[in-house]
Each structure stands twice: as structure tokens, then as C-alpha cells.
Amino acid sequence: MSITSKEDLLKKQTEAQEKIDSYTCRILVCCGTGCVASGSMKIYEEMKRLCADLDGVEVVAQKDVPHIGIAKTGCQGLCELGPLVRIEPQHLQYVHVQIEDCKEIIEKTVLKGEPIERLFYKHDEKPCEHPEDIPFLNQQTRIVLEHCGNIDAESIDEYIAAGGFQAVVKAFFEMTPEEVVEEITKSGIRGRGGAGFPMGKKWSQVARIQSDIKYVVCNGDEGDPGAFMDGSVMEGDPYKLMEGMIIAAYAVGAKDGYIYVRAEYPLSVARLKLAITQAEEYGLLGDNILGSGVDFHLHINRGAGAFVCGEGSALTASIEGKRGMPRVKPPRTVEKGLWEKPTVLNNVETYANVARIILDGADWYRTIGTEGSTGTKTFSLTGAIENTGLIEVPMGTTLRHIIYDIGGGIKKGAAFKAVQIGGPSGGCLVEKHLDEPLDFDSVKKFNAIIGSGGLVVMDENTCMVDVAKFFMGFTQRESCGKCGPCRIGTKRMLELLNKITRGEGKMEDLDKLEETAKFIQSRSLCGLGKSAPLPVISTMQNFRHEYEEHILENKCRAHVCEAMKVYTIDPDKCKGCTKCARNCPVNAITGEKKEPHTIDQTKCIKCGTCMDNCSFGAISIK
Amino acid sequence: MTNTIYDITRESDAILLVGSNPEEAHPVLGMQLRQAVQRGARLIVVDPRDIDIAKKAEIHLKLKPGTNVAFANGMMHIFIEENLIDQKFIEERTENFEAMKEMVKDYTPERVAEICNIDADDLRRAARIYATAERAPIMYCLGVTEHHTGTEGVMSMANMAMMVGKLGKRGCGVNPIRGQNNVQGACDMGASPNQFPGYQNIDKPGILEKFEKAWGVKLNPKIGTKATDCFPKMVTGEIKGLFIFGEDPVRTDPNTHHVIKCLSSLDFLVVDELFMTETAKLADVILPGRSYAEKEGTFTNTERRVQRVRKAVEIKGNTKPDTWIFTEIMRRMGYPQPYLTPAQIMDEIASVTPSFAGISHERLDSEEVAGKGLQWPCTAKDHPGTEIMHVGKFARGLGYFRPAAYTPSMELPDEEYPLIMMTGRILYHYNACAMTDKTEEINEIAHTSFIEINTEDAERLGIADREVVSVASRRGEIQAEARVSEKTNPGECWMPFHYLGGANWITSDALDSISSTPEYKVCAVKVKKINECAGCSECCCE
Amino acid sequence: MVRLTIDGFPVEVEKGTTILHAAEKLGIKIPTLCYIEDLLPDGSCRMCVVEVKNNGRTKIDTACTLQVSEGDEVLTMSEKVIESRRMTLDLLLSDHNVHCFSCEANGNCKLQDYAYEYGVSETSYEGAKSGGEIDDSNKFFRYDPNLCILCHRCVNTCTQLVGRGAIDTMERGFQSIIGNGEGLWADGTCESCGNCVQACPTGALVMKRTNKYRPYQAQKRVRTTCPHCATGCQMDLIVKDGKIVDVEGADGPSNHGLLCVKGRSGSFDFVDHKTRIRQPLIKNHETGEFEEASWDDALDLVANKFTELKNQYGGDALAGFACSRSTNEDIYMLQKMVRTVFESNNTDNCARV
């Protein structure tokens, strides 16, 4: 069926809502990447199988006919606790659902409406029945993720039922393209891809250029280690992204759009493809959308897995089928982007904000967030934290709120050390920054960036030199190789960091490291190169003592750097059982039976086998 | 060329490339053509083969060899039918349009598609792209000229350009891409039976007298014989003595058997050469001349640009500058030709050739010219040369439409010789290879002659890719390695003409009725396996 | 027009001009490794950085990409600029196989020149070199990744100027090298034109024949026109000890510095080739063999025989063909000879064949 007018769309919305309402019960299985990894697809299939067997069974609910809807939703947020299943209309949130639980869920909850307590999340020992009872979820402001986890990510009807495409209707029929641009500008929204460039400014520049051909491009090449915000949106609510792009195309006068998705996101690609097919069938993509005369075609482009393709000019080069390498600017992407045509390039999250800005207005949007950074920001919260997962909070929320109130604090009660924010292009925030607001400008002051929103929480067991080395290794591997500072400089920095963590560092190496970092920062060709040394710069700024300890004392306080670990046997605890000596691969441990053993440090390869094998806790790392 | 390589490759919106494979025959021009496509120029390729540049073309009309005139008439039919013509240009700058219109009336796209074996809609699209482009040059090469209707083909190119007003301005024009380095200069310099230097016709009143006066000698007023027409006259005894300067007709002219017979019939053959060519072997006297690197002088490129050639080395031995050789012969035959340096010779050329009047070595070497050469017509010492011809006015006044009807090639395939064979150049060699085959690496890359043949034909004949096959025409039989692909259409094949014992043993010596250019691009051949399989179990047929 | 000063010298240039071009106008040379005239700047080598002060703000950026602004005060050799260039060279040298002595490009290497000019005699970094195997597969030239500084001049030349796109950067980051994608150089679509080699600022791409001479040993470079097709490419013949040892493309109006495989590699071996005829030859009709003769004997024979034939059968029985490969001056004299002493108009050239 085709939706050729706004009236058709309203009709469809009613129809779709009726269909949802006709379900006596809905089982929403989280099929975000996290939950899929912990087995949610199997849960989904099992639920389907079990429900099929139910045909004609009486359901204790409001309606007479048993009618159960099962949906694959996007990320429900608590990735750590997957697979997640939600039951509507009772609005129950189950966590850690296993295949064996499915039958019970159907029998008890679906058929009889009884909750299963052991599947609830427990906060301070208390079970949380509804999602809203879970602190991780109830302290968020979800605009971008509003439908994520609530609708079937593979059903355009559910999106329409939830009010989808109404922003397109409003833009097409009540606003001129100029007014759309104006509204976006007024909202103050800044690009969520990293640089924080005002979206309205970008749109108005492209809108102003006279050209028969323009493009709207979405950067879905989320490459930061530990980041999965954009992936979650593409998987969980591809329609919202699409709606944002349609509006962008209308505003700037583009007829074609490209979504560049990183190769590692097959689920995003599949969901987007499905969403595009559905939208094309409905006529919500293609020529003359909703009878408005607006044409817009949306294409998907799979990246080849290069981090650098997140850089604008490298991304467009990659879509064109060339090697993804940044080029010098000017000309900027807005003037000469894809195929040398004026191009709007924004990332997934940015586009996903557009529909609500248009529907609820710039003034409403500005009430969220801070003056300079309006709206919300999604973060992927990972690392040494109790509740890892995807969150969305207003810009300006403090780190403390995110880590302690939403994230539930540091894992196993360890002490907080730092947060790496903004991925490999970002820097670290420490204790003293806990109460600073997280927004574009504040974070920048601390030599870090909001970036795309990766938050990696680190506790006292983290070695900051090792962290710097990890990110340096990443950027070094992912350097496109175009300019010398990034290509060779990052390699040299990594070599210096390796030297330091191997215990071979000299104090001059710190100067060399700083000198090289500054050179790369100021002389690289593209933004990625310029930001590549940031993790080193910021860790050196905040944790210089750790670097110095590695060099001067041959010590890694977090006991992470292999070369600096010293395994010792406590003679008081050692019973002389010989188990450690028998298991040592290099025969570094000697001692008489029933006598305390000793480790020959010159032979020890710090593999830790002895410690794992000691039944008396006699072996420790110093 | 009416225009320059620079403006047609850098300032054009579309390019109509007909019968030309510049990537191999004029590689540096080909590079600039590829740049043009990258820049956004829309390329239309009209060529019977899938030449490499066709991949970059928006439309490739893979027409049957020998049907260029029909193609052009079809294009013009569409120009008129769809009102794409430049009425103002036609009215102000041309004459005989009505006759042209009448001629192309019958060349409907469908009929032309039938003749050329192309798609009528592709032809329509090509016509629209070329006609509606703001700036679009026609570039053509031997694929247009080397037919018995070559002259008509050339006129047809001009007719197309005039009809849409694409002459006399930048990024347009009719641009024959001349073959050899100084083929333009050879024509300019009066090595021509009916013209003195600068295309001054012998039979034009006053011209003969002018040269008699300049050279101080009585001259023969009778129009001479074209080279290709000379050969039969050698057999009949009308031509007894021949001086060949640096040519190797045994290898480059069609129908080698016949050429050898002609040259052998001469009473006296003198060859001025660098190497012991196949032709030199037939000579009575060989005079060792000098190569381009051992002399001063000028070449004129396809853009009519006269550029300097400079002496770099002198080799051991007893070679002599060619101008010295000619001077000596003149003197020994009684004409008091003074010994002149190349610079002095150019001054003499300028003195008798109006279009070269402003050209001298001194000027070419000057800061004013700055190594950019001078494009004739360059009519005075302060004339900057002519970048683009026919601006505002044609050389003859009004541009004349010369209607040409399509006529099929002279030698068409039949039962005995079922394939059309074309010949052409490859990237690595030049003409008879006299120069290129002295570079070992080039020989390592391109050492064997080959024949491109369509997969369908090859299958039918049981020929495998890279198999050495026999290729025969009414004039002879040769061997070549088969390259089986879809590059040529079924029923058509192609051979490079460079190699010893190669294509010209079998090419047709049918000549263009006006220019006497041989129809190298179309002859009928048969291709067959050399040995039928004897079941020896030792060869590849296992 | 925009007004600015460069190293204190005022200059006025059009809006959109890069600092590099503005400096050129003043005759101030800014060092570059990756820049190719007429192409969008690659901007990758970072050698051309300059210091620009304007409105109380100072920035250091690449002169090839930076467009002039009104009131710019550009310093091309400030301390900061020199320090940055030294650092660039330091890093490049840290991943370069420095064996200038045996390198074909010795004396013809921009990296060597700049390292010398900026006093970077060796790298200050320890560490690995990216390395890689030498690709020797092309008949005419070789690629040594150990000498490659990844300036991409070869790639940009091949893709944007030659339009062939036979090579590209392969691998990523530190491991980047230049190649045809898969397999060896010669396995791809390379036409062996060698324009990439001419574009290479170091010894990474060298013509194999270069090992026969050092550029500075060349006794002369002779600007001439290519003897093959009618494009009329301008090129320089490089002469050492009276022999042509190499050819380089020159910036001519029809070739803009480009050459093809024939022009670059097939235009000089034949000149002094062992098969050249170096003495007049007269055929002995009894043996059918050619015999060497003096010029006088050969020319007398030619003159006498043609005179004889002319006297007996008339000028129309004689003919003389010119060579389309030879110079205008030669051809003019040839046709003059035919017309004046053969008394014939039977002269033609090989335009038709």
C-alpha cells in the first residue's frame, strides 16, 4: 500500500495503533547488538515458537481472543543485563532472561498476568518491576532514543503509530525549507559527531549554494572503541534517522542521501535496508513523497572498516569508491562534498534529533541542556562501572551523576580513577572534573572532547600509561597514512610508550613524547590526526607521576604493565606444597617440599600461573 | 586540428571521439582526454572496438567498420529532426545547407542503426549530447580516414560541426589527430604532388612562377603522382627512379607482395635511412642519414604547432645530415643549391610560404615564444600564430556543406573471407617499429603480432586465446597470436600493423577515391587454426 | 584583490590565491614535497608550513592550502616554521632507508636537499622502519618502499594527470605503501609511462637506467620534440659523455610535462643503436650484397643515375618520397630536390599510410 498524502499517513497511524492495541499482550525482546550477543535472538525465536502453540488458549486479560505481539526492539539500555525482555501492557522489565525462562514467562506473565520476581533487576536488594523503577533508566531524558526499545525496530507501522513521519508532514506542509533551516538553527543543536559544529549553520550554507545536485549524507561510521550510540539508533530506530534525513534533504534541496555505515555493524545495515525498503513501498522515500512534490532517495553504503572514514572528506571519498583518505580543506564538504557537490554531512544522532525539533519546536529543545550545548547527548557507558549501557542525558549533566546515579558507581566498590571521554580522539577526566557539566565547551577546556559520546570508566586498577598506549595503538593502526605527522608520528609515540611500559624508558623520552604529540596535534592534515595524541597529552597532564614511576621506579601502580610486575611468595603463608613450582613454565620457582618457595626474578616471565595455582594466597604482585 | 589539445580537453562540455584510440596511438593526448572525462566532460566514443577509453564514455557506438558516413548522416538527420541545429551559424557562416538537408533526410536513426549495427536510441542520445553541449569538439583519427570513403568521412565530420555551429570557438572544432610526429609538417612542407609548401597549388595562377623565381629554375608544371599511385606506375615502367627518404613502404603500405614487386621493378632505388629496413634491402644505394637527436630543425604537431628539434649528440661513423645529402644531390645534378643551416632553410621556407612567414628558429628559441612553439598560420614576424582556426570566418569564406552518401567498403566479407579485418596501432610501438624495436624492454612487453577476434568467431573456428593462427586474405597469408575477447564485434577482427611479417601482407590496397589513402581499416580475411589436431597427445589439446 | 606581506615584502594577489602562489609571485620559494601544480593540493607532506599573523592572531599552516587574507603577515622562514620543517624531516628520515651513497636519486632528491638545507643530518628517533619489498616488476622502473615518503605525487600524477589510476596507496598508517592494489606493479593497468617516476621527489621510484649516471654528471639537457606521434610532447634529452642516457618530460604546450612509454623510454636507444647504418652502401648487383662506399662515390652514382633516367624518360619518371618522421627543413629540401633537379612533382609523404 502506498501513502500518498498526509491524510493517508494519519489513516495509517490509526490503523497501526489499532493493531498494537489489539494485542492482549506484547513481548518486546531487546535485539540490540548487546542483547543479540547474549542470545536474545534465540529468546525471540523461542517466544515465537511458544506463542504459536498457544493458538486458542484463553488469556487472562482484558480481551477475549488471545493475541500476542512479539517484537524485536532496539536497545533497551541495560546492555550489561541482557537479554532483556519487556512485557506490555503490564510494563514489566525482565533482565538476564534465559531460554528456560521463556516458558514460564508465557505461562505466568503473558497468560496470567503474574510477574516473575526473580527476573526483575534488583536495586539495593529491592526488585524493580518497571523500567522506570530502575535508576539506570529513570534518570535519563530520552529524545533520540525515545522509541528505542519501545517499538519493533523492523516495523515501520509501529514507528508510524508512535507518531513517526509527522515531523516530515509538518516540515513539508507547514514550513518552507528556509523555515526548517531557521528552526534547526534556532534550536542551537550542534553536531554530535565530535566537532560540535552548529547543524543549522551547515544546513543554511548548503541551502544557500545554487546547485542542481546536492547530497545529504549520514555518518554512521562509529569507530571509537567502546562507542555504540549510533549503532544503537540505527538498529533500534532506523526510521527516526531516516525522518531526520528526509527533512534535511527538504531543507537544503537534496534529492539523494547516503548513510555510510561501518562494516562492523551488519545489524544496522540490515535494519536500515529493511527500513528503506518499507519506506519506499509506502512512498515515504522516492519521488513525490506524500504528494508534496519532494523527491528523496536514500542509499546505504557499507564502509570497509576504516576508522578514518569517520572523517568527512574520507567518508565521501569512500562512498565514491575511492580510498578513504581525508583531503585538505577548503573546499569544505558543504561546498564540495560527495562527488564535488554541496553536501550536508551529519552523524546519526544529530539527524535523530531533527524530527523532535521540528515537531516540538526550537524553543522546547532549548529548554534541554545548556545555553551553548542544547538538547541531550547519548553516551555509551562502559568500563569499570556497575551498569554499563546506552544512556541519554541532557547536555551539561555532571559526570558524577552519570557514574554514580545512573551507572551505579564503580564496579566492586573500587576507587574511581578517570573517565576516557571521546574515544581515541578524546582525553581523560579525573576526580576533580566529576562535578563539571558535560557539554561541548566545558569538556574542551580540560583537553578532552565530548566526541561522539564514548565514556570509558576506569578504576584504580587501570594503568594510565597503558590506557594511553591502548589508544595510541588504535590511532596508529587506524591512521590512513596520508600525512607524515600522523603516519610516522603516532608510530614513534607508540614506540616510546612501549618503551616506557617495558620499563626501558628514560626521562628524555617524556620530552620526546610531548614534543612529538604537540607536533602531531598542530601539524596533522585532518582532525583525526590532530586529535590522535590527545589521550597521551591528557594522561600526561593528569597522571604524569604514573609515567615517572614507570621510568624512575620501574613501577606500575595498577600492576598492569607486565614487565613491572614482581611476583613474590610470602614465606609466612607458603606451605611448600610445590604446586607453583610444578606449574611454572620456566622453572623460576624453587624450594624444598614443605619449605617456603622463592621466585627467581631473572627467570620469571610474569605469566601469573603461580598465583593462579596457589591455594594459600601466598603469592602477590608488588 | 582546428583547435588546440588544451582547449578541447580542458574547456569542453562534451567530446565526440570518432575512429580514434588516443590512449594508444597518442597516449599523452589520451591522458588529457581522460582528465577531461574526470573533469566532467561527457564522452561519446564512436569506434568498432571496445577500446579502453570507451569504458569512460557515456555512450559507445560500436559501429561496423566503414560506416562512418552513415553515422554522421544519421547524426545530422537527428540534429535537423529535433531542431538542434545552429540556424544562425548556418545562415551566416555556411552555404549549401539545403542540399545537405536533402541528403540526410533518408538517414533516419533506424536506418542508420541498421547500417552501422548500433542502437537507434543511443545514436539519438549521442546526437543530443553533442549538439546541445555548449562546447564540444569532434576528434577523429585514422578510423575515419583510412577508408576508400575517407575523404567523405572527413567532410562528414566538418558537416556535423558546422550544422551545430561548433567551429571557430574554444573547446570545439573538427580535430583530426594526426598520426606521426611530423605528418602535419610533411604536408605543410609541400611533399605533395599538387602543392608547394603551405598548400600553394601548383596549378594556381602565379604560384609556379613564384617558386621558379624564388628558386631560380624552371619547374615542371605537371601535377605529380601520389605515392600510393606511384607504385602501380613502377610496374608499368612509368616511374623508373625513386628516392625514398626514411620511409619503409614494404612494411607500412598495404599488400606487401605488391609493394615489393613494384619497388623491384624500378631501374634505380635510393634510400636515405637510419636502419636496414625491408625497403632499404631493395635499394641500389643507401645513404646513411641522421635521426632527430642528431640534427636541428622543427616538427609541426597535430595542432599546427611548429616546435624545435635540437641536436643532442653525434654518433660515430660517417652519417650526414639529410639536408646536406639533398644539397649534394642537387649540386651534383646541376642546381647551385647553397649549403644552408636548418635555421637558414626555415628562413627560406618562411620567405616562400605565407602561412609560415612569421616562423624562424630564432623566434622559436626566443623568450617571446617561451618554448610554446608557433601555430600556423603565422603570417608575419609579429604574428602570434593561430590557436584556433575559422574564428569568425572560414579560410574559404563560407563553410561549404558537402553532402556525402554512404557507400559500403570496397572489400566486403564473403563466404571465403568471412571476417572484416581492421588494423591499427598499439601503445608500445610506432609504425614500422624502426625506432621502438631498438628498446629491449619494449620488445619484452610487446614482442608479437596478434589478432583480436570475437569469442563467438573463435569458438566457431575452434581457436583458443593466445593460440597462433593463420590469417589470410586474397593477397596473402600470415600468422599471428589470437586474442579472443568481446573487444571486436562478431564477424570483425583487428590487427596491429607494426610487426614484421604482419598485417600489411594482407591488407587491401583499395584507395580512397580522392586522397588515395588505402582502406587499411577494412579488408576481408579468414582466420583458421594452423594445424588440425593430430591427436598426438603431446600438445595442448589434452 | 587582497594585500598582504610575505617576509616583509608587500604583494597584491587575487582572492582565493594560496600563500604558496603569492610567495611565488615575489620569487620566494617555499619548500614542498607533495605539491603538484594545477592539482588540488595533497597537503600531506607538511613541508610548506608558514607562519601567518593577522589581527593579533598567529597560526602555522600549509602554504599550499592556505588562501590569502587581507592584511596577512606571512613569515616563510621564522624560527617556528624552521622548527616545524625540521621536525617533519626528522620524522620522514626516521622511516627512510638513508643510504644516499648508493641511491640512484643521490643529487636528485628533494628529501636529501631539504634535510641538508635544514640541517637534519640524521633522525632523532629510534624505532622501526615500515620497510617492504622492492617492486621490480616494471620493465623500466622500480619502486622501493624503503625510500618512499608517501607524498602521493606518483598516485596523484597517475590518477589525476595521466588519468590511468594504476596505483594507489595501499595498507594503512605506518605500513602504507604505493602499489597497484593487488600483486605487483606490472600486473595492473600500468602503461609504463613513467610519469610517476618523474614525479617522485626521492629515490623510491627510479628508472632502472638511472644507475648509469648521476643527474649532476649530465653534460647537457637538450630540449626537443618527441619523435613518435603528432602530439608534439616536449622533452629533454639528457646527455652524458656524448650519449643520450635518459629522457625527461618538459612542460610543453601540448604535454604539460607528461610523456608516454614511447617518448620516455623508446626514443633514444635507437639513436646510437648498433644496427645503425653508418657508411653509404652501394649494392653489388652481381653478388646482391651491399658494399660500403665513400660519400663521393655514392652521391655521384645517385646523381648520375637519376640524371641519366631523367634525360632518357623525363622528370615524370622520377619520384621522391619524404618521411613524415623527419624535420620540416629536411622535407622542404627533399621536395625542393625533387622539383628542381628531378624536374618532377612526383613527391609525396607517408601521410596516407
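1. In this predicted model, helix α10 (residues 150-163) of chain B lies across β1, β5 and β6 of chain B. Relative to β5(B), helix α10 of chain B runs at about 170°.

2. The sheet in question is open and has five strands, ordered β3-β2-β1-β5-β6 in chain B, with parallel pairing. Its edges are formed by β3 (59-61) and β6 (174-176) of chain B, each of which pairs on one side only. Ignoring direction, neighbouring strands of this sheet are turned by 15° against each other on average. Within the sheet, strand β1 (residues 14-18) of chain B and strand β5 (residues 138-140) of chain B run parallel and are joined by three bridges. As regards register, B:Val18 stands opposite B:Tyr140 in β5(B).

3. The domain assignment splits chain B into domain 1 (5-177), domain 2 (183-375) and domain 3 (419-529). The centres of domain 2 and domain 3 of chain B, taken over C-alpha atoms, are separated by 30 Å. Contact between these two domains of chain B involves 15 residues of domain 2 and 15 residues of domain 3. On the domain 2 side, the elements that give two or more residues are α13 (227-236), α14 (249-252) and α15 (256-264) of chain B. Of these, α15(B) gives the most, with three residues. By class, this side of domain 2 of chain B has three nonpolar, seven polar and five charged residues.

4. For chain C, the assignment gives domain 1 (2-77), domain 2 (213-276) and domain 3 (281-352). The C-alpha centres of domain 2 and domain 3 of chain C lie 31 Å apart.

5. Turning to the assembly, two pairs of chains are in contact, and chains B and C share the most contacts. Here 126 residues of chain B are in contact with 102 residues of chain C. On the side of chain B that touches chain C, the most is given by helix α16 (residues 322-332) of chain B, with eight residues. This side of chain B divides into 61 nonpolar, 38 polar and 27 charged residues.

6. Strand pairing also links chains B and C. Strand β11 (residues 285-288) of chain B and strand β13 (residues 281-284) of chain C run antiparallel and are joined by two bridges. One pairing to inspect is that of B:Val285, whose bridge partner in β13(C) is C:Ile282.

7. Chain A and chain B do not touch, and their nearest C-alpha atoms are 11 Å apart. The contact between chain A and chain C takes 24 residues from chain A and 24 residues from chain C. On the chain A side, α17 (464-478), α18 (484-501) and α19 (507-523) of chain A are the elements that give two or more residues. The largest share, eight residues, comes from α18(A). The residues of this side of chain A divide into nine nonpolar, six polar and nine charged.

8. The angle between the axes and the distance between them describe two packed helices. In chain A, helix α7 (residues 166-174) and helix α14 (residues 348-366) pack at an angle of about 60°, with their axes 8 Å apart. Helices α7(A) and α14(A) are therefore oblique to each other, and their crossing is left-handed. The contact brings A:Gln166, A:Ala167, A:Lys170 and A:Ala171 of α7(A) against A:Ala355, A:Ile358 and A:Leu359 of α14(A). By class, these residues divide into five nonpolar, one polar and one charged.

9. Some backbone details merit a reviewer's attention. Most peptide bonds are trans, and most residues other than glycine have a negative phi. A cis peptide bond nevertheless joins A:Glu88 and A:Pro89, with omega of about 5°. A:Pro89 is placed in the loop between β3 (85-88) and β4 (92-94) of chain A. In chain B, the peptide bond from B:Trp376 to B:Pro377 is likewise cis, with omega near 0°. B:Pro377 belongs to the loop between β14 (374-375) and β15 (399-400) of chain B.

10. A:His559, a residue other than glycine, has a positive phi, near 55°. A:His559 is located in the loop between α22 (544-553) and β17 (567-569) of chain A.

Notes
Residues are numbered from 1 along each chain as its sequence is written. Chains are lettered from A and ligands numbered from 1 in the order in which they are written. This is a predicted model: local features need pLDDT of at least 70, side-chain atom pairs count only at pLDDT 80 or more; totals for chains, interfaces and linings use all residues. Axes are lines fitted to C-alpha atoms, for helices over the stretch in contact, and angles run from 0 to 180 degrees between N-to-C directions. Helices (H or I, at least four residues) and strands (E, at least two) are DSSP runs, numbered from the N terminus. Angles under 35 degrees count as roughly parallel, over 145 as roughly antiparallel, 65 to 115 as roughly perpendicular and the rest as oblique. A crossing is left-handed if the near helix is turned anticlockwise from the far one by less than a right angle, and right-handed if clockwise. Two residues are in contact if their C-beta atoms, placed from the backbone, lie within 7 Å. Ala, Val, Leu, Ile, Met, Phe, Trp, Tyr, Cys and Pro count as nonpolar, Asp, Glu, Lys and Arg as charged, and the others, Gly among them, as polar. Domain bounds come from an automatic or database domain assignment. Two strands pair if DSSP finds at least two bridges between them.
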